[in-house]
Amino acid sequence: MTRRFSISLPDDVAAELDAVDNASAFIAEAIRERRRRESVRQVVADAGYEITEDGVSRMRDAVRRLEARRR
Amino acid sequence: MTEVRLVLDTSALLAYATLTGVAVGELLTVVGEDGGTVAVPAACVLAAHAALDAEGRGRLARLVSDTDVVAVVPLLGADALDAARATELVTEQVGGHAVLEARRRDVFLATCAAPHARRALDPDVVLDLTLR
(Lines give C-alpha, C1' and ligand atoms only; values in the text may rest on other atoms or scores of the structure.)
Protein backbone atom coordinates (compact mmCIF):
# COMPACT_ATOMS: atom_id res chain seq x y z
CA MET A 1 0.00 0.00 0.00
CA THR A 2 1.25 3.50 -0.77
CA ARG A 3 0.05 7.02 -0.03
CA ARG A 4 0.66 10.12 -2.06
CA PHE A 5 2.23 13.19 -0.45
CA SER A 6 2.71 16.71 -1.70
CA ILE A 7 5.84 18.13 -0.11
CA SER A 8 8.04 21.21 -0.34
CA LEU A 9 11.79 20.87 -0.27
CA PRO A 10 14.66 23.37 -0.10
CA ASP A 11 16.50 23.81 -3.38
CA ASP A 12 19.59 21.86 -2.29
CA VAL A 13 17.55 18.82 -1.31
CA ALA A 14 15.31 19.07 -4.35
CA ALA A 15 18.44 19.05 -6.51
CA GLU A 16 19.28 15.59 -5.14
CA LEU A 17 15.92 14.29 -6.28
CA ASP A 18 16.40 15.76 -9.73
CA ALA A 19 19.36 13.40 -10.14
CA VAL A 20 17.55 10.16 -9.28
CA ASP A 21 15.24 8.03 -11.40
CA ASN A 22 12.77 7.25 -8.64
CA ALA A 23 12.33 10.09 -6.16
CA SER A 24 9.72 8.17 -4.15
CA ALA A 25 12.02 5.21 -3.65
CA PHE A 26 14.89 7.53 -2.77
CA ILE A 27 12.82 9.33 -0.14
CA ALA A 28 11.43 6.06 1.25
CA GLU A 29 14.97 4.68 1.63
CA ALA A 30 16.16 7.88 3.30
CA ILE A 31 13.33 7.70 5.81
CA ARG A 32 14.02 4.02 6.54
CA GLU A 33 17.68 4.80 7.14
CA ARG A 34 16.78 7.61 9.48
CA ARG A 35 14.37 5.32 11.33
CA ARG A 36 17.15 2.75 11.76
CA ARG A 37 19.57 5.33 13.09
CA GLU A 38 17.01 6.71 15.51
CA SER A 39 15.88 3.27 16.67
CA VAL A 40 19.32 2.19 17.79
CA ARG A 41 19.98 5.51 19.52
CA GLN A 42 16.65 5.19 21.30
CA VAL A 43 17.30 1.61 22.43
CA VAL A 44 20.72 2.57 23.79
CA ALA A 45 19.33 5.67 25.52
CA ASP A 46 16.44 3.70 27.03
CA ALA A 47 18.96 1.20 28.39
CA GLY A 48 20.44 4.05 30.40
CA TYR A 49 23.39 5.16 28.35
CA GLU A 50 24.28 8.71 27.49
CA ILE A 51 26.05 8.53 24.16
CA THR A 52 28.06 11.59 23.20
CA GLU A 53 29.03 12.67 19.71
CA ASP A 54 32.66 12.68 20.82
CA GLY A 55 32.34 9.07 21.92
CA VAL A 56 30.70 8.07 18.66
CA SER A 57 33.38 9.90 16.71
CA ARG A 58 36.20 8.15 18.61
CA MET A 59 34.53 4.78 18.12
CA ARG A 60 34.09 5.46 14.40
CA ASP A 61 37.82 6.25 14.18
CA ALA A 62 38.66 3.00 15.97
CA VAL A 63 36.46 1.03 13.59
CA ARG A 64 37.99 2.72 10.55
CA ARG A 65 41.51 1.99 11.79
CA LEU A 66 40.67 -1.67 12.30
CA GLU A 67 39.01 -1.97 8.90
CA ALA A 68 41.96 -0.23 7.23
CA ARG A 69 44.41 -2.71 8.79
CA ARG A 70 42.38 -5.58 7.42
CA ARG A 71 42.47 -4.40 3.82
CA MET B 1 19.54 -7.63 6.77
CA THR B 2 21.96 -5.00 5.54
CA GLU B 3 25.70 -5.64 5.42
CA VAL B 4 27.00 -7.22 8.63
CA ARG B 5 29.84 -5.01 9.85
CA LEU B 6 30.85 -6.88 12.98
CA VAL B 7 29.96 -9.52 15.55
CA LEU B 8 29.32 -8.85 19.23
CA ASP B 9 30.39 -11.54 21.67
CA THR B 10 29.05 -12.59 25.07
CA SER B 11 31.31 -10.23 27.00
CA ALA B 12 30.12 -7.26 24.95
CA LEU B 13 26.49 -8.22 25.52
CA LEU B 14 27.07 -8.56 29.24
CA ALA B 15 28.83 -5.20 29.44
CA TYR B 16 26.02 -3.54 27.54
CA ALA B 17 23.29 -5.13 29.64
CA THR B 18 24.96 -4.27 32.95
CA LEU B 19 25.51 -0.62 31.97
CA THR B 20 29.28 -1.00 31.89
CA GLY B 21 29.49 -1.03 28.10
CA VAL B 22 29.15 2.53 26.84
CA ALA B 23 31.61 1.52 24.09
CA VAL B 24 29.04 -1.03 22.91
CA GLY B 25 26.41 1.69 22.72
CA GLU B 26 28.79 3.91 20.77
CA LEU B 27 29.63 1.06 18.41
CA LEU B 28 25.96 0.31 17.78
CA THR B 29 25.39 3.98 17.02
CA VAL B 30 28.26 4.03 14.52
CA VAL B 31 26.96 0.96 12.70
CA GLY B 32 23.43 2.33 12.73
CA GLU B 33 24.58 5.60 11.20
CA ASP B 34 26.58 3.79 8.56
CA GLY B 35 23.59 1.67 7.57
CA GLY B 36 25.08 -1.65 8.61
CA THR B 37 24.09 -4.52 10.88
CA VAL B 38 25.61 -5.91 14.05
CA ALA B 39 25.42 -9.70 14.23
CA VAL B 40 24.76 -11.17 17.65
CA PRO B 41 25.30 -14.94 17.83
CA ALA B 42 22.35 -16.77 19.30
CA ALA B 43 24.58 -18.81 21.60
CA CYS B 44 26.00 -15.58 23.01
CA VAL B 45 22.50 -14.32 23.70
CA LEU B 46 21.80 -17.51 25.64
CA ALA B 47 25.02 -17.27 27.62
CA ALA B 48 24.55 -13.60 28.44
CA HIS B 49 20.89 -14.03 29.35
CA ALA B 50 21.74 -16.79 31.82
CA ALA B 51 24.25 -14.58 33.59
CA LEU B 52 22.07 -11.49 33.92
CA ASP B 53 19.54 -10.36 36.48
CA ALA B 54 16.04 -9.31 35.46
CA GLU B 55 17.04 -5.75 34.67
CA GLY B 56 19.97 -6.84 32.52
CA ARG B 57 17.82 -9.38 30.73
CA GLY B 58 15.40 -6.61 29.91
CA ARG B 59 18.16 -4.52 28.34
CA LEU B 60 19.42 -7.51 26.41
CA ALA B 61 15.94 -8.34 25.18
CA ARG B 62 15.31 -4.81 23.94
CA LEU B 63 18.71 -4.70 22.27
CA VAL B 64 18.03 -7.80 20.18
CA SER B 65 14.37 -7.04 19.54
CA ASP B 66 13.79 -3.31 19.21
CA THR B 67 16.23 -2.24 16.53
CA ASP B 68 17.01 -3.88 13.22
CA VAL B 69 20.58 -2.63 13.47
CA VAL B 70 21.06 -5.74 15.61
CA ALA B 71 20.37 -9.19 14.15
CA VAL B 72 20.54 -12.42 16.13
CA VAL B 73 22.20 -15.03 13.94
CA PRO B 74 21.46 -18.71 14.47
CA LEU B 75 23.75 -21.57 15.39
CA LEU B 76 23.02 -24.40 13.02
CA GLY B 77 23.34 -28.03 13.98
CA ALA B 78 26.31 -28.65 11.73
CA ASP B 79 28.25 -25.88 13.49
CA ALA B 80 27.45 -26.83 17.06
CA LEU B 81 30.57 -28.94 17.64
CA ASP B 82 32.86 -26.38 16.02
CA ALA B 83 31.34 -23.69 18.21
CA ALA B 84 31.81 -25.85 21.29
CA ARG B 85 35.47 -26.47 20.43
CA ALA B 86 36.06 -22.79 19.78
CA THR B 87 34.49 -21.99 23.15
CA GLU B 88 37.08 -24.23 24.81
CA LEU B 89 39.74 -22.00 23.30
CA VAL B 90 38.26 -18.55 23.90
CA THR B 91 36.10 -19.36 26.96
CA GLU B 92 32.46 -18.54 27.55
CA GLN B 93 33.39 -14.89 27.92
CA VAL B 94 33.71 -14.69 24.17
CA GLY B 95 31.78 -17.72 23.00
CA GLY B 96 32.75 -20.05 20.19
CA HIS B 97 29.70 -19.10 18.15
CA ALA B 98 31.00 -15.53 18.00
CA VAL B 99 34.34 -16.77 16.67
CA LEU B 100 32.62 -18.84 13.99
CA GLU B 101 30.47 -15.93 12.85
CA ALA B 102 33.39 -13.50 12.72
CA ARG B 103 35.38 -15.96 10.59
CA ARG B 104 32.46 -16.96 8.36
CA ARG B 105 31.40 -13.38 7.67
CA ASP B 106 34.97 -12.07 7.50
CA VAL B 107 34.20 -9.24 9.90
CA PHE B 108 35.73 -8.17 13.14
CA LEU B 109 34.67 -9.30 16.58
CA ALA B 110 33.86 -6.63 19.15
CA THR B 111 34.64 -7.88 22.63
CA CYS B 112 35.41 -6.92 26.20
CA ALA B 113 37.57 -10.05 26.50
CA ALA B 114 40.13 -9.36 23.77
CA PRO B 115 42.94 -11.54 25.16
CA HIS B 116 40.61 -14.52 25.04
CA ALA B 117 39.33 -13.68 21.57
CA ARG B 118 42.90 -13.44 20.23
CA ARG B 119 43.45 -17.10 21.09
CA ALA B 120 41.29 -17.94 18.08
CA LEU B 121 41.28 -14.84 15.93
CA ASP B 122 43.90 -12.64 14.34
CA PRO B 123 44.42 -9.49 16.42
CA ASP B 124 43.47 -7.38 13.39
CA VAL B 125 39.92 -8.70 13.54
CA VAL B 126 39.43 -8.11 17.26
CA LEU B 127 38.04 -4.77 18.43
CA ASP B 128 38.86 -4.36 22.09
CA LEU B 129 35.96 -2.45 23.59
CA THR B 130 37.83 -1.91 26.86
CA LEU B 131 40.33 0.39 25.18
CA ARG B 132 38.09 3.35 24.50
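## A contact between chains A and B

Leaving aside neighbours within four places in sequence, A:Ser39 touches three residues of chain B: B:Asp66, B:Thr67 and B:Asp68. The model described here is a predicted one. A:Ser39 lies in helix H2 of chain A, which covers residues 23-47.

A:Ser39 has a relative accessibility of 19%. Buried means under 20%, so A:Ser39 counts as buried.

## A nonpolar patch on chain A

On the surface, A:Phe5, A:Ile7, A:Leu9 and A:Val13 form a nonpolar patch. Together these four residues have about 380 Å² of accessible area.

One of them, A:Phe5, sits in the segment before helix H1 (11-18) of chain A. The relative accessible area of A:Phe5 is 61%. Exposed means over 50%, so A:Phe5 is classed as exposed.

## Cysteines without a disulfide

A disulfide is a covalent bond between the sulfur atoms of two cysteines. Over all chains, the structure holds zero disulfides. B:Cys44 is accordingly in no disulfide, and its nearest cysteine sulfur, that of B:Cys112, is 12 Å away.

Why is the sulfur of B:Cys112 not in a bond with that of B:Cys44? The two sulfurs are 12 Å apart, which is too far for a bond; a disulfide needs the sulfur atoms within 2.5 Å.

The accessibility of each cysteine can be added. B:Cys44 counts as buried because its relative accessibility is 1%. B:Cys112 has a relative accessible area of 26% and is therefore partly exposed.

Note on methods:
Residues are numbered from 1 along each chain as its sequence is written. Chains are lettered from A and ligands numbered from 1 in the order in which they are written. This is a predicted model: local features need pLDDT of at least 70, side-chain atom pairs count only at pLDDT 80 or more; totals for chains, interfaces and linings use all residues. Side-chain values use heavy atoms; hydrogens and water are left out. Patches are made of residues with over 30% relative accessible area and no salt bridge: like charges are joined within 9 Å, nonpolar side chains (Val, Leu, Ile, Met, Phe, Trp, Tyr) within 5 Å. Accessible areas come from the Shrake-Rupley method with a 1.4 Å probe; for residues, only the protein chains shown count as cover. A salt bridge is a side-chain nitrogen of Lys or Arg within 4 Å of a carboxyl oxygen of Asp or Glu. Helices (H or I, at least four residues) and strands (E, at least two) are DSSP runs, numbered from the N terminus. Buried means under 20% relative accessible area, exposed over 50%, partly exposed in between (1.4 Å probe, protein chains only). Contact means heavy atoms within 4.5 Å.
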